[in-house]
Amino acid sequence: MVKITYIAADGTDTTVETQVGNNVMHTALSNNVAGIVGECGGAMMCATCHCYVDEAWADKVGAQIDGEEDMLECAAADIRPTSRLSCQIKITPELDGLVVHLPESQE
Amino acid sequence: MALAPVNTEIGMVQLTHDPYPIYRKMRTQTPVVRVEQIKRTFVTKAAMTRMIKDTPEVFSSNDPNTPMEPAFQAHTLMRKDGLEHRRERMAMQLSFSPKVIKQNWAQLYRDITQDYISRLPRGETVDLYKDICGPVSARILVHILGLDGATDDQMLRWSQHLIDGAGNFGWDPELFKISDRANDEMNAHFDGLIAHHIATPNSSAFSVMLNAQNPIPQSQIYANLKIAIGGGINEPRDAMATILYGLLTNPDQLDEVRRQDAWGQAFEEGVRWVAPIQASSRLVLEDTEIGGYDVPKGETVMTIQASANRDEDLYENSEEFMVFRDQNPHQAFGSGPHLCAGSHIARRTVGEIMIPALFDRFPDMSLADPSKVNWRGFGFRGPINLPVTLR
């Protein structure tokens, strides 16, 4: 199992456990973490699972994939260099302890 | 495993009149059922409809056997999968995004709404469905899409003719003649606007698509605009009429919505209760299984989101309009890659602007006679009249 911490815009943090192979969006939904909506189910067709990867984890998580940048332009909140669609962050053993920050709004 | 049971009794007439008692029974007794008269397998439980929408590799939108292609004179993004669908959708998505709505459009939407509402006669009974829900939706869409010069009547008529054509499962040639004429008019109107949008780029969908670095073909730009016309008027109109009906027939909830400024929740509950788009179809690409039944390759399944939205597994008193629910994970906008592209616009315009503005101007408005409100529709559903006394 791998631990992931979600920090909401108001500072509240929630840490949950998930399995390798899952993604950061689904993990949030299946653990009722507020602040991630994931309307399109992970098809990269909406921007409602937007998150900011914690600076300390940015390199390990890696860059936006092809097409993700265009979709992020449609996000409700500001985009930063660490912005990712959380459905596109696949959980690997190296991401144990990952911290992501959630935007104020997804819709 | 076995094939799904077959229902030979249910047809368009009953479904168009009132599908909800039928779906309630299906959810309990036959959640996966082949409906012989519609020639489709109906799926009525929320977990199943979501699974189908979220699994496009097995349940494809690319169904060549629908009247959509003749109605729109194009193979549209609604009926495509994968990268092709993504490219055409992304070509206009930015125009529908929360940021663009807030920055470029919100004030305009408010002004349009005020303009139409200010013309309503206080003290009289008017049909808000006809006088407000449809025309305001049409006017706002002219601006979002960049269809300068189109009248409300033209927009409403084009939208209706496209939808009638797309729903022409009886393949009546007369209906296609009507949608052909609408296509001719739309094409001519679009042709006349290209130079303007290229000369003065703006954030309308037409302009964004034309001025893209790597634009999609003009035929698909036109098809996208028509999809937006077909999907961008009737749905907000029906959502608005439904929400108004729900609030006006539940004055206690209306008071509480006002007190908490909970218009957003009222919007979500309205579209859950009677989803403007009630059902969608997907073509089964390989032999598969849904809810314990074999579903063979080549079958067309209908996800009934109208029913998923009243699934007892997710909602208490699911048949009731209840704004203040603990959770409301409805599928009125669908899910998966074909998730409604206009959901943000609908939430902003109908939920945050149009409905509060109406109650602000006419705080004591009331339904003249709730029993006189008629509801209709199987694929698309909502009230078809809303006589309200304005006070």
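How much accessible surface does chain A have, and what percentage of it belongs to carbon and sulfur atoms? The accessible surface of chain A comes to about 5,000 Å², and carbon and sulfur atoms hold 45% of that area. The model on display is predicted, and the tour below begins with chain A as a whole.

**Stop 1: chain A as a whole**

Select chain A and show it as a cartoon. Its secondary structure comprises 3 helices and 5 strands. Followed along the sequence, these elements come in the pattern β-β-α-β-α-α-β-β. The radius of gyration of chain A is 12 Å, close to the 13 Å given by the globule rule for 107 residues, so chain A is as compact as a globular protein of that length. If the display is reduced to the C-alpha trace, the spans along the principal axes are about 30 × 30 × 25 Å.

Next, colour chain A by burial. Of its 107 residues, 47% count as buried. Among the contacts in chain A with a separation of 6 or more, 64% are made by residues 24 or more positions apart. Colouring by charge brings up 5 positive and 17 negative charges in chain A, and the mean positions of these two sets are 9 Å apart.

**Stop 2: the loops at A:Met44 and A:Gln88**

Select A:Met44, in the loop that runs between α1 (24–30) and β3 (50–53) of chain A. Its phi is positive, at about 60°, although A:Met44 is not a glycine. Is this residue buried or exposed? With a relative accessible area of 6%, A:Met44 is under the 20% cut-off and therefore counts as buried.

Now add A:Gln88, which is located in the loop between β4 (83–85) and β5 (98–101) of chain A. A:Gln88 and A:Met44 are 44 residues apart along the chain, yet their C-alpha atoms are separated by 7.7 Å. Which residues does A:Gln88 contact, leaving aside neighbours within four places in sequence? They are A:Gly42, A:Met44, A:Ile65 and A:Glu68. A:Gln88 is partly exposed, with a relative accessible area of 23%.

**Stop 3: where chain A meets chain B**

Display both chains and select the residues in contact between them. The contact takes 19 residues from chain A and 18 residues from chain B. Together the two chains bury about 1,500 Å², with 59% of that area on carbon and sulfur atoms. On the chain B side, select B:Arg86, B:Met90 and B:Lys99: these residues lose the most area to chain A, together 36% of what that side buries.

**Stop 4: B:Asp148 and its surroundings**

Move to B:Asp148, in the loop between α7 (128–145) and α8 (152–166) of chain B. B:Asp148 is partly exposed, with a relative accessible area of 36%. Which residues does B:Asp148 touch, not counting those up to four places away in sequence? Select B:Val142, B:His189, B:Leu193, B:His196 and B:His197 to see them. B:Gly192 may be added to the view: B:Gly192 and B:Asp148 are 44 residues apart in sequence, and the C-alpha to C-alpha distance is 9.8 Å.

**Stop 5: B:Asn317**

Finally, select B:Asn317, which lies in the loop between α16 (305–308) and α17 (343–361) of chain B. B:Asn317 has a positive phi of about 45° although this residue is not a glycine.

Methods
Residues are numbered from 1 along each chain as its sequence is written. Chains are lettered from A and ligands numbered from 1 in the order in which they are written. This is a predicted model: local features need pLDDT of at least 70, side-chain atom pairs count only at pLDDT 80 or more; totals for chains, interfaces and linings use all residues. Side-chain values use heavy atoms; hydrogens and water are left out. Helices (H or I, at least four residues) and strands (E, at least two) are DSSP runs, numbered from the N terminus. The radius of gyration is taken over C-alpha atoms; the globule rule is 2.2 Å times the number of residues to the power 0.38. Buried means under 20% relative accessible area, exposed over 50%, partly exposed in between (1.4 Å probe, protein chains only). Contact means heavy atoms within 4.5 Å. Accessible areas come from the Shrake-Rupley method with a 1.4 Å probe; for residues, only the protein chains shown count as cover. Lys and Arg count as positive and Asp and Glu as negative; His and the chain ends are not counted. The place of a charge is taken as NZ of Lys, CZ of Arg, CG of Asp or CD of Glu. Buried area is the accessible area (1.4 Å probe) that two parts lose on being put together, summed over both.
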